[in-house]
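Work through the exercises below with the sequence and the model at hand. Try each task before you read its solution.

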Amino acid sequence: MAESPPITSPFVEAAPAVRHAAFADLAAAGPVQRVMLFTGVPVWLITGYAEAREALAHPDIIKGKGGDGPHRDAVPAELAAAMDHHLLGADPPDHTRLRRLVSAAFTRRRIEGLEPEIRLIVDGLLDDVSAAGKHGAPIDLLAAFGYPLPLTVISELLGVPAEARHEFQEWTTVAINGSVHPAETFIAAATSLIGYIRELIAQKLADPSDDLVSALVAVRADGDRLSEDELTSMVFLLLVAGYETTAHLICGGTQALLAHPDQLDLVRAEPDRLPAVVEELLRFNGPAQVSTPYRTAAPVRIGGVTIPAGEVVLPALLAANRDPRQFHAPERLDVTRPPASHLAFGHGIHHCLGAPLARLEARIALGALVGRFPGLRLAVPPEELTVQASFLINGLTTLPVIVT
């Protein structure tokens, strides 16, 4: 067992390049190493691509029974149960059962059917951006476009009414970044969010409509259905995971393209490349720094290192996607890069269920944004941009741009 493991630094507020450099420094020390998180918890950080991919699919690296979320020693048991009974915190056979039930409601057909609505939402938001940015006024693209788009889409998908969305945004932002907030702040936001989800589920039970919450309430498979805690947990997961990460995929992708004007010109000249562009942006600067934590159920040997049983394992997705052993010149954005399997959405049984929706939103949003504003540029020097302090999320604090 390593003594006094070094404290990791990528999770603090910093310039985007500083965060990537911090992960690169950690990776240089080895693809698997024991480090101390800013929370005071020692973990086995996995920065290598092959090693992270192996860990994410290893049968002895598991989720366990929850309890790995922020401030779990302070969260009331009833609240924890209403948040933890979802796919991301479950192992087989529970995971297999939940995935079957949720997949029956969260279908590809339902996602693809959102495309016309997403295009309308994007066009409306960009109308507002254009109006606010006329005469060269700077616009925070994250606040004006990055956050409102996935918030509106996931709200439409789940059946959240427009008047509830502002509060939902505030609660969700705290919930997903709970580790950097005091326990009482996190618990208050999570309590409000779960309380609203329970009200929403009750509404859909009484008056179902064509939305995902109604479908989750109604779904059955082989006589099975989701329990109350499973319903609240799944809606909680979909709300949190379907909002913040997509916002930062869109705005982090925009920032990366603005920093590489030759690649931006190529995207504008050949918009058919957009699906591949989104994949390269996910690899180059994905919205998740690390996966949610895992634990070893038995001793596991990965990357020449034996991780004892009962240890926390943390695949570093941002680092793995820039592993030079897997990707040629990984620090370079190249939208013509041959297709490669990145880990931005995870791997194995916990591969993100919402990945098709995130890809669809990013493709439509980025295509419309760069096509509509040929003069799009940063309103501040690149070195003034910062990424927010967060454990999970790799996202800018603001993205000031000029659109005219």
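**Exercise 1. Classify the partners of a helix-to-helix salt bridge.**
Task: decide whether Glu78 is buried or exposed.

Step 1. Glu78 has a relative accessibility of 59%, so the residue counts as exposed. The cut-offs are these: buried is under 20% relative accessible area, exposed is over 50%, and partly exposed lies in between (1.4 Å probe, protein chains only).

Step 2. Note what kind of model this is. The model is predicted: local features need pLDDT of at least 70, side-chain atom pairs count only at pLDDT 80 or more, and totals for chains, interfaces and linings use all residues. Residues are numbered from 1 along each chain as its sequence is written, and side-chain values use heavy atoms, with hydrogens and water left out.

Step 3. Find the partner. Glu78 forms a salt bridge with Arg198, with 4.0 Å between the closest N and O atoms. A salt bridge is a side-chain nitrogen of Lys or Arg within 4 Å of a carboxyl oxygen of Asp or Glu.

Step 4. Place the pair. Glu78 sits in helix α3 (residues 77-84) and Arg198 in helix α10 (residues 183-206); the two are 120 residues apart, in distant parts of the chain. Helices (H or I, at least four residues) and strands (E, at least two) are DSSP runs, numbered from the N terminus.

Step 5. Classify Arg198. Its relative accessible area is 31%, so Arg198 is partly exposed.

**Exercise 2. Survey further salt bridges.**
Task: state how many salt bridges the structure holds, then examine examples.

Step 1. The count is 15 salt bridges.

Step 2. Take Glu311 and Arg34. Their side chains meet at 3.4 Å, N to O. Glu311 lies in the loop between β7 (305-307) and β8 (312-315), while Arg34 belongs to strand β1 (residues 32-36); 277 residues separate them.

Step 3. Check burial. Glu311 is buried at 14% relative accessibility. Arg34 is buried too, at 15%.

Step 4. Take Asp211 and Lys204. This salt bridge spans 3.0 Å, N to O. Asp211 is buried at 3%, and Lys204 is buried at 11%. Elsewhere, Glu51, Asp323 and Arg325 form one network through salt bridges that share partners.

**Exercise 3. Test for disulfides.**
Task: why is Cys251 not bonded to Cys352?

Step 1. Apply the rule. A disulfide is a pair of cysteine sulfur atoms within 2.5 Å. The count is zero.

Step 2. Check the distance. The closest cysteine sulfur to that of Cys251 is in Cys352, 18 Å away, so the gap is too far for a bond.

Step 3. Compare the surroundings. Cys251 is buried at 1% relative accessibility, whereas Cys352 is partly exposed at 30%.

**Exercise 4. Trace the five-stranded sheet.**
Task: in which order do the five strands of the open sheet run?

Step 1. The order is β1-β2-β8-β5-β3, with mixed pairing. Two strands pair if DSSP finds at least two bridges between them.

Step 2. Find the edges. β1 and β3 (61-62) each have a single partner strand, so one side of each lacks a neighbour in the sheet.

Step 3. Look at β1. Four of its five residues are buried, so β1 is largely enclosed by the rest of the structure.

Step 4. Follow the pairing at one end. β1 runs antiparallel to strand β2 (residues 42-46), joined by five bridges. Val32 has Ile46 as its bridge partner in β2. Five residues lie between the two strands of this hairpin, where Gly40 takes a positive phi near 90 degrees.

Step 5. Go to the other end. Two bridges pair β3 with strand β5 (residues 294-296) in the antiparallel sense. Ile62 stands opposite Arg295 in β5.

**Exercise 5. Trace the three-stranded sheet.**
Task: which strands stand at the edges of this sheet?

Step 1. The open sheet has the order β4-β10-β9, and its pairing is antiparallel.

Step 2. β4 (139-140) and β9 (377-378) are the edge strands, each pairing on one side only.

Step 3. β9 and β10 (residues 400-402) share two bridges. Arg377 has Ile402 as its bridge partner in β10.
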